[in-house]
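Let's take a walk through this structure, one strand at a time. Keep the 3D view open and follow along as the pieces come together.

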Amino acid sequence: MSNPSNSHIPQDRNSSVTVPARFVRLPSIAEQKLGTAYVAPVRLDPRALEQMQQTIKSLSSEYAVKLASQIRELLHMINDVCHPAGELRGKFYDSIHDMRGLAGTFGHPIVGQFANSLCRYMEDASHLNATILRFHVEAMRDAIEDKMPDKRLADETLRSLERLILNAKNENFVVGRESLSG
Amino acid sequence: MTVDASHNANSDIGRLLGELKILVVEDSETMRSLLIALLQTMGIRHISCAKDGQSGLRLFAEAQPDLVITDGIMAPMSGYAMTRAIRELREPDGSPAKLADVPILMLSGHGERQKVEQARDDGVTDYIVKPVTPDLLYARVIAAISTPIHIVETPTYRGPSPRRRLVAHSAFDLSNDEE
C-alpha cells in the first residue's frame with residue numbers, strides 16, 4: 001500500500017549536505033482496520049463528548065480534595081525546598097508539575113496557570129526564592145477557595161508573579177533569604 | 001454529509017474504537033487514571049499502561065498498539081527517547097519494523113516551541129499541551145487514526161517529516177509560549 005517517491009532532504013538539520021530521501025504514504029489506522037471505504041467523521045460524536053464530560057465531573061470532587069491537600073503540603077515544604085541542603089525540591093516540583101497538567105482539566109484553569117508559572121521558574125532557577133514560591137502557592141490556595149472569582153484579578157496576579165520572577169532573575173533578587181537564615 | 005452517511009461514519013468509528021489498541025505512557029498516576037477513564041468512555045477497550053518510557057518500550061513490543069499516547073518528561077526514560085527508540089525499531093533482516101510507523105501522540109505540560117520542535121525531530125506525530133479536555137483528546141485521537149501515515153526515510157531517520165510544522169494543540173491560548 002505504500003507509495004514511495006524520491007526527493008532530497010538534509011541528512012542533518014544543521015548541514016547543507018543533502019542525501020536522497022524516500023517518502024512513504026501508508027494507509028491510516030482506520031483504513032488498515034476497516035478498509036478504504038472508511039470516511040472520517042466530519043463532526044465528533046456529541047454523545048461521546050457528553051459522556052467524557054460526565055467522566056471528568058465524576059472524578060472532579062475526588063481531585064478537588066487531593067488538590068487542596070497538595071497545596072497545604074506545598075506551603076509546609078517551601079522553607080526546606082529553598083534551603084541549600086533541602087531535600088524536597090524534586091517532590092515539590094513533581095507536585096506542581098502534576099497540577100499544571102491536571103488542574104485545568106478538572107475546572108481549575110487558574111491554578112494550572114499559576115502552577116505553569118512556578119514550574120517554569122523552578123526549571124530555570126538554580127537557587128529558589130522562597131517569596132516567589134510562597135506567593136505562587138498562596139495564589140493557588142486563594143483560587144481554589146474562590147477568593148479569585150474575577151479572571152482579571154487572576155491575570156493581574158499572574159503578571160505580578162511573572163514580574164517578581166523577572167526581577168529575581170535580572171537582579172539576583174534574594175527576597176526571603178533572610179527569613180530562611182533566621 | 002447526509003444523515004445516513006453521518007450515521008455510517010459514527011458506527012464505523014464506534015467499531016474502530018472498540019478494536020483499537022492504545023498504549024498510554026504517563027508517570028503521573030492521576031493523569032494515567034484520567035486518560036484511561038476518558039479513553040474507555042470513548043469506547044476504547046484495549047488499553048495498556050506504562051509509567052515511563054523504558055517500561056513503555058517493553059510493553060510496546062508486547063501489546064503492538066495502533067496508537068501511542070505518551071507524556072514528554074519522565075524518568076528513567078523520557079517520552080522523547082522512547083519515541084526515538086520506537087522509530088528506530090528494525091526487523092531481524094534490518095528493514096524498518098512495521099510497528100515503528102505507529103502514530104505517537106505526545107501529551108505534555110510544555111507548550112514551548114523548543115520542546116515541540118524536539119518532539120517533532122524525535123518522531124512524534126501530534127502534540128497536545130496539557131491540560132487535556134475531552135474535545136481535544138477525542139479530536140486528536142480521531143485525527144491520529146484517520147489520517148494517512150506519511151513517513152520520511154533517510155539513511156539516519158525514519159518517521160514523520162522533521163521539516164513539517166508541528167502544531168501544539170491546546171485547550172488554552174498559547175500565544176505567550178509561541179514567541
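Start at one pair of residues: B:Val68 has B:Ile104 in β4(B) as its bridge partner. Before going further, keep in mind that this is a predicted model. That pair belongs to a set of three bridges that join β3(B), residues 67-70, to β4(B), with the two strands running parallel. How does the chain get from β3(B) to β4(B)? The path goes through α4(B), and the β-α-β crossover it makes is right-handed.

The helix in that connection is worth a look too. α4(B) lies across β1, β3 and β4 of chain B, and its direction is at about 175 degrees to β4(B).

Now stay with β4(B) for a moment. Are its faces covered or not? On one side sit B:Ile104, B:Met106 and B:Ser108, on the other B:Leu105 and B:Leu107, and all of these are buried, so both faces are covered. As background, side chains in a regular strand alternate between the two faces of the sheet. Since five of the five residues of β4(B) are buried, the strand is largely enclosed by the rest of the structure.

Moving on across the sheet, β4(B) is joined to β5(B) by four bridges, and these two strands run parallel. One place to see the pairing is B:Leu105, whose bridge partner in β5(B) is B:Asp126. The connection goes over a helix once more: β4(B), α5(B) and β5(B) form a right-handed β-α-β unit.

Which residues of α5(B) are buried? In this helix, residues 113-122 of chain B, they are B:Lys115, B:Val116, B:Ala119, B:Arg120 and B:Asp122. Among what covers them are α4 (79-87), β4 (104-108), β5 (126-129) and β8 (168-170) of chain B. Right after the helix comes B:Gly123, with a positive phi of about 110 degrees.

Let's go back to β3(B) and head the other way. Four bridges connect it to β1(B), residues 21-25, again with the strands parallel. Two spots are handy to click on here: B:Val25 has B:Thr70 as its bridge partner in β3(B), and B:Leu23 stands opposite B:Val68 in β3(B). B:Val68 is the residue we began with, the bridge partner of B:Ile104.

B:Leu23 also has a partner in β2(B), namely B:Ser48. Five bridges link β1(B) with β2(B), and this pair is parallel as well. The chain gets from β1(B) to β2(B) through α2(B), in a β-α-β crossover that is right-handed. As for burial, four of the five residues of β1(B) are buried, so this strand is largely enclosed by the rest of the structure.

Put those pairings together and you have the sheet. It is an open one of six strands, ordered β2-β1-β3-β4-β5-β8 (chain B), with parallel pairing. At its edges are β2 (46-50) and β8 of chain B, each of which pairs on one side only. From one strand to the next, the twist averages 20 degrees.

Time to zoom out to the whole chain. Chain B has six helices and eight strands, and from the N terminus on they follow the pattern α-β-α-β-α-β-α-β-α-β-α-β-β-β. Its C-alpha trace spans about 50 × 45 × 30 Å along the principal axes. What radius of gyration would a compact globule of 179 residues have? It would be near 16 Å, and chain B comes in at 16 Å, which agrees. Of its 179 residues, 45% count as buried. If you look at contacts in chain B with a separation of 6 or more, 65% are between residues 24 or more positions apart.

Finally, there's the partner chain. On chain B, 45 residues are in contact with 42 residues of chain A. The elements giving two or more residues to this side of chain B are α1 (3-19), α2 (29-41), α6 (134-146) and β6 (149-153). α6(B) provides the largest share, seven residues. By type, the residues on the side of chain B that touches chain A divide into 26 nonpolar, eleven polar and eight charged. Notice that α2(B) turns up twice on this tour: once in the crossover from β1(B) to β2(B), and again on the side that touches chain A.

Key. Residues numbered from 1 in each chain as written. Chains lettered and ligands numbered in written order. Predicted model: local features only at pLDDT ≥ 70, side-chain atom pairs only at ≥ 80, totals over all residues. Buried ≥ 20, exposed ≤ 12 C-beta atoms within 10 Å, placed from the backbone. Contact = placed C-beta atoms within 7 Å. Pairing = 2+ DSSP bridges. Right-handed = clockwise from strand over helix to strand, strands pointing away. Nonpolar A, V, L, I, M, F, W, Y, C, P; charged D, E, K, R; others polar. Rg over C-alpha atoms; globule rule 2.2 N^0.38 Å. Axes fitted to C-alpha atoms, helices over the stretch in contact; angles between N-to-C directions.
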